[in-house]
Amino acid sequence: MGIRRPALATAAAAALIGAFTVPLAAGTASAGEAAAPVREDFNGDGFQDLAVAAPAAKVGGHTWAGYLAISYGSANGLGPARTTVITQDTPGVPGTSADNSGFGYELFPRDLDGDGITDLAVATHEYQPAGNIGGSVIILWGRTTGMSGTGAVRVPAPANAFVGQDITAGDFDGDGHTDLFLSDGEDYDVRTVLYGPFGRNGAPAREQQLTVFSTDNTICSTAAGDFNGDGVDDLATFYVYEDHAEGGKLWLGTKQGLSTVPQRLNSANATAVGDFDKDGYADLATRVYPNGETYLDEDPGTIKIYYGSPTGPSTTRTRTITQETSGVPGTSEKGDRFGARLSAGDANGDGYADLAVGVPGEAIGTVAKAGSVVLLKGGRSGLTGTGALAFHQDTPGVPGAAEKGDLFGGSLRLLDVTGDRKADLAAGAPGEDLGTVVNGGAMWLLRGTTSGLTAARAFAENPVDLGAPSAKAEFGENLGGDNGPVLLIP
């Protein structure tokens, strides 16, 4: 029950896309706000909303075309009646559904035009007639009537360019507008920073070219947040080459934009950003590459937190957490992949960011790769195992049952969809079978409470509920703003 990427037109393209992974969302626009849920309100009604991607889905006869489900929050949570499905065939959306487009393989919900309503940047592969892989980023505009294809635009970029890889959002010049870091040119060594606000034609206010590579490695993950507390978001980029990790770089944000001379960071796979100790500096949570090796399928999993400081993520104030850490449920076992996905948010409303940790390879009893999620709680001393909670499909109150290869926790988002100022957990299980439908996928919502997450009134949604394409759709492979590294399981 693997999570795969679309088959590519050429072997060379396949080699490239196999190296691409996507970043997790930055939690805040500034360190002082890091514990608060991110505003992701597509219709401006005050409740945060969730974008769920099924980039592997067959749409209109096209394999790996992909679609999105936009679920609107309310005091009662989420539900099919408040969910809209959008594909590239939806009126107004640029392009059409096509083989291998993977519509929604990366998603970033942010207010891009500055009108106070959240928009959605959607990455999709666009294949050229000669078989060359390209891509585009499509902006779906938030509206009080809800999100649709109306007025949707592509971000302007050269033809045949690798547009959309490594997309990351932040305010990198501190002007209060969302900026996007992404590939949008034909020069492989360069990434572009598009500074907001964006016009309704998709064009940014200005651009910056940033040479982010010094060797022929690739970016495996990124993260954005105000790590040094100066009120401007910084950008972290992490690298791999073939089977080994090659460290990271920190590009400090300034009033003029991202600095061009980076600081050195340790290697990282998945990332999340939040102020776990509420000291005004954004902290960086990472999944560690075991011994610097990029093969992770059999890794038990380790996460390491670098606490923010006036110089950025500290190398002296850190914390390492595994399932052997006191208070953390479970034990470190081969293939658990503790930390394969990470998401930060304040689940209990105490002002400290908590960390949701995906453990998609976790066996539940004798059921292999059923998956689970662990919530680590923030506090005055940062993240610890004290009071940690674990949830899976055999947890009482959670709909469904743990089954082999479900990969529950294969995607994660902590955000407040019920409007009670406590982040709720959206968790995907892209390997979930829906009756006879293999790898249809599903998404769960667990509510935040003063004691953390609870399975009481837990909710599940899948493509069958929505009348959307379901066969091998891998619904929930990606959640808006999650964008964690791809899980590759045979």
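Two strands count as paired here if DSSP finds at least two bridges between them. Keep that in mind for the sheet views below; the whole thing is a predicted model.

**View 1. The chain as a whole.** We're looking at 490 residues, and 62% of them are buried. The C-alpha trace spans about 55 × 50 × 45 Å along its principal axes. For secondary structure, the chain has two helices and 30 strands.

**View 2. A four-stranded open sheet.** Read the strands across and you get β3-β2-β1-β30, with antiparallel pairing. At the edges stand β3 (83–86) and β30 (478–479); each has a single partner strand, so one side of each is left without a neighbour in the sheet.

**View 3. Zooming in on β1 and β2.** Here are two members of that open sheet, running antiparallel to each other: β1 covers residues 50–54 and β2 covers residues 67–71. Five bridges join the two strands. To get your bearings, find Val52, which stands opposite Ala69 in β2.

**View 4. A negative patch on the surface.** Four acidic residues make up this one: Asp216, Glu242, Asp243 and Glu293. Glu242 is a handy one to pick out, sitting in the loop between β13 (234–241) and β14 (244–251).

**View 5. Glu242 up close.** Is this patch member buried or exposed? Glu242 has a relative accessible area of 62%, and exposed means over 50%, so Glu242 counts as exposed. The loop that holds Glu242 follows β13 and leads into β14.

Technical notes: Residues are numbered from 1 along each chain as its sequence is written. This is a predicted model: local features need pLDDT of at least 70, side-chain atom pairs count only at pLDDT 80 or more; totals for chains, interfaces and linings use all residues. Side-chain values use heavy atoms; hydrogens and water are left out. Patches are made of residues with over 30% relative accessible area and no salt bridge: like charges are joined within 9 Å, nonpolar side chains (Val, Leu, Ile, Met, Phe, Trp, Tyr) within 5 Å. Accessible areas come from the Shrake-Rupley method with a 1.4 Å probe; for residues, only the protein chains shown count as cover. A salt bridge is a side-chain nitrogen of Lys or Arg within 4 Å of a carboxyl oxygen of Asp or Glu. Lys and Arg count as positive and Asp and Glu as negative; His and the chain ends are not counted. The place of a charge is taken as NZ of Lys, CZ of Arg, CG of Asp or CD of Glu. Buried means under 20% relative accessible area, exposed over 50%, partly exposed in between (1.4 Å probe, protein chains only).
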